[in-house]
Amino acid sequence: MIDRAESARKRDFMTERILILGGTREAAALAKELVACHGTDAVITSLAGRTKEPRPVAGRLRIGGFGGVEGLSAYLRAEHITRVIDATHPFAEQISANAIAACAQVNVPLETRIRPPWQRQAGDHWLHVPTITDAVAAIPQNACVLLALGSQHITPFANRSDVHFVIRMVDPPAALLPFAKHSVLIGRPSSDPIEEAQMLRENGITHIVCRNSGGAGAYAKIEAARSLALPVLMIARHGASY
Ligand code: NAP
């Protein structure tokens, strides 16, 4: 006689169960696509928990670190994950390295979908800088700078007391910011270059500092800078040669 519980368990093990390492618009779009093919329970998106109110995603959602390679391996086993897709932010290098190690450890296939970097277009005035420290040093005296970086990366710029920083953040800062001259713009960037150009003009921005994240979501500021002939200090990806 067939053991029904056993066959249900086997069926369950054979079912696709996909873990998306997310935190990007592309990861959310992928979750929607995969849920349409495989159903809600088959797709789990994992977020680091860096924003207070993450955008809704299709399928299941889990939030917070796994606890390194060992924690991620344990999670993959416990959730019977059959496939991992790394669709994280290109500067989130630790989780990508952990995914490679954990997937190898538990023998789960890993697909990487990291968006390619933006390429300089005619009319762009980019100065490539390898690190944040180089970006701090490269800002001209008394500039007015849009800092379009993750909030955990802005502190080194506080050394430049001559510069006025306009700091864009998704969530309001938890503590007082250590800048001599600054203003804060709360919210996500607009995807409309005209709105971004208006924001740059209204704030008297003379330079933008950002990372070469790639993708469509944050590109409007680059197009806006091009339209206004504004210089962009572009922080390169680790190991990039451009
Ligand atoms: P990270 O340096 O690659 O990861 C640090 C730790 O955060 C990981 O070891 C992991 O903790 C946890 N983590 C990261 N992504 C995770 C995910 N999708 N699900 C579960 N846990 C995750 O990444 P980061 O500290 O988040 O950010 C590094 C850079 O990427 C920053 O410059 C940030 O601005 C940028 N960025 C990240 C995100 C994002 O969603 N993570 C989004 C936009 C920009 P455990 O070791 O405990 O598993």
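What follows is a chat about a predicted model, its two sheets and its ligand.

Me: Let's start with the sheet of six strands. What order do the strands come in?

Reply: The order is β6-β11-β10-β7-β8-β9, and the pairing is parallel. This is an open sheet.

Me: Which strands stand at the edges there?

Reply: Those are β6, residues 125–129, and β9, residues 181–186. Each has a single partner strand, so one side of each has no neighbour in the sheet.

Me: And by how many degrees are neighbouring strands turned against each other?

Reply: On average by 20 degrees, direction ignored.

Me: How many bridges join β6 to β11?

Reply: Five, with the two strands running parallel. β11 covers residues 231–235. If you want one pair to look at, H128 has M234 in β11 as its bridge partner.

Me: Which strands does helix α7 lie across?

Reply: Helix α7, residues 220–228, lies across β6, β7, β8, β10 and β11. It runs at about 150 degrees to β10.

Me: OK, the other sheet, the one with five strands. What's the order?

Reply: That open sheet goes β3-β2-β1-β4-β5, with parallel pairing. The edges are β3 (60–63) and β5 (110–112). Each of them has a single partner strand, so one side is left without a neighbour in the sheet. Neighbouring strands are turned by 20 degrees against each other on average, direction ignored.

Me: How many bridges do β4 and β5 pair over?

Reply: Three, in the parallel sense, with β4 being residues 83–86. One of the residues involved is D86, whose bridge partner in β5 is T112.

Me: What about α4, which strands does it touch?

Reply: α4 packs on the sheet and touches β1, β4 and β5. Its direction makes about 155 degrees with that of β5. Helix α3, residues 68–78, lies across β1, β2, β3 and β4, and runs at about 150 degrees to β1.

Me: Switching to the ligand. Which residues come nearest?

Reply: There are 23 residues around the ligand, and S46, R50, F66, H153 and R211 come nearest.

Me: Where does the largest share of that shell come from?

Reply: From α4, with four residues. Both β2 (43–47) and α4 (93–106) supply at least two residues of the shell.

Me: And how many of the shell residues are polar, nonpolar or charged?

Reply: By class it's 13 polar, six nonpolar and four charged.

Me: How far is the polar side-chain atom of H153 from the ligand oxygen?

Reply: 2.5 Å. There are backbone examples too: a polar backbone atom of G22 is 3.4 Å from a ligand nitrogen, and a polar backbone atom of F91 is 3.5 Å from a ligand oxygen.

Me: What percentage of the ligand's accessible area does the protein cover?

Reply: 80%, out of the 810 Å² that the ligand has on its own.

Me: Last topic, D171. Where is that residue found?

Reply: D171 is in the loop between β8 and β9.

Me: What is D171 in contact with, leaving aside neighbours within four places in sequence?

Reply: R50, T51, K52 and I186. For K52, the backbone nitrogen lies 2.9 Å from a polar atom of the D171 side chain. R50 also turns up among the residues that come nearest to the ligand.

Me: And how many Å separate the C-alpha atoms of D171 and C37?

Reply: 34 Å, and the two residues are 134 residues apart along the chain.

Note on methods:
Residues numbered from 1 in each chain as written. Predicted model: local features only at pLDDT ≥ 70, side-chain atom pairs only at ≥ 80, totals over all residues. Heavy atoms only, no water. Pairing = 2+ DSSP bridges. Axes fitted to C-alpha atoms, helices over the stretch in contact; angles between N-to-C directions. Contact = heavy atoms within 4.5 Å. Near = heavy atom within 4 Å. Polar contact = N/O pair within 3.5 Å; in protein donor to acceptor, adjacent residues only side chain to side chain. Areas by Shrake-Rupley, 256 points an atom, 1.4 Å probe, with all protein chains shown as cover. Nonpolar A, V, L, I, M, F, W, Y, C, P; charged D, E, K, R; others polar.
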